[in-house]
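This briefing sets out the fold of one chain, and then turns to selected residues within it. Please consult the sequence and the structure shown below alongside the text.

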Amino acid sequence: MRQFKIKPLETFLMNDQPFTCPHCGSRCEQIADFYHTNAKTFIQECLNKKCKFICNEEEDEYFLKLWGVI
Ligand SMILES: [Zn+2]
């Protein structure tokens with residue numbers, strides 16, 4: 001199995017809007033779906049060719065549980 005060798009990604013919370021790049025505001029494309037794993041995360045890549053920012057998109061509730069809020 002190939003290992004996922006990427007730098008730790010910045011993480012952003014999901015909302016009800018389509019995910020947009022936090023840097024340039026362009027639409028992003030979901031390039032990986034780990035939603036059904038423990039990570040509960042999507043990897044998003046910015047569609048702007050000059051930007052190509054990649055980040056994590058995580059579900060809000062997951063964070064709240066992680067932080068012990070709920
Ligand atoms: Zn971007």
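Strand 3 (residues 41–46) and strand 4 run antiparallel and are joined by five bridges. The model under discussion is a predicted one. Its chain comprises one helix and four strands, arranged from the N terminus on as β-β-β-β-α.

**Sheet architecture**

- The four strands make up an open sheet in the order 1-4-3-2, with mixed pairing.
- Strand 1 and strand 2 (28–34) occupy the edges; each has a single partner strand, so one side of each has no neighbour in the sheet.
- Direction ignored, neighbouring strands of this sheet are turned against each other by 35 degrees on average.
- Strand 1 and strand 4 run parallel, and three bridges join them.
- Within that parallel pairing, Thr11 has Asn56 in strand 4 as its bridge partner.

**Leu13 in strand 1**

- Leu13 belongs to strand 1, which spans residues 11–13, and its position opposite is taken by Glu58 of strand 4.
- Leu13 has 14 other C-beta atoms within 10 Å; because a residue must have 20 or more to be buried and 12 or fewer to be exposed, Leu13 is classed as partly exposed.
- Leu13 and Thr41 are 28 residues apart along the chain, and their C-alpha atoms are separated by 9.5 Å.

**Ile54 in strand 4**

- Ile54 is part of strand 4, which covers residues 54–58.
- Across the antiparallel pairing of strand 3 and strand 4, Glu45 stands opposite Ile54.
- Once neighbours within four places in sequence are set aside, the contacts of Ile54 are Leu9, Ile43 and Glu45.
- Ile54 counts as partly exposed because it has 17 C-beta neighbours inside 10 Å.
- The C-alpha atoms of Ile54 and Pro22 are 10.0 Å apart in space, while the two residues are 32 residues apart in sequence.

**Chain-wide figures**

- The chain has 70 residues, of which 9% count as buried.
- Among contacts in the chain with a separation of 6 or more, 38% are accounted for by residues 24 or more positions apart.

Notes. Residues numbered from 1 in each chain as written. Predicted model: local features only at pLDDT ≥ 70, side-chain atom pairs only at ≥ 80, totals over all residues. Helix = DSSP H or I, 4+ residues; strand = E, 2+ residues; numbered from the N terminus. Contact = placed C-beta atoms within 7 Å. Pairing = 2+ DSSP bridges. Axes fitted to C-alpha atoms, helices over the stretch in contact; angles between N-to-C directions.
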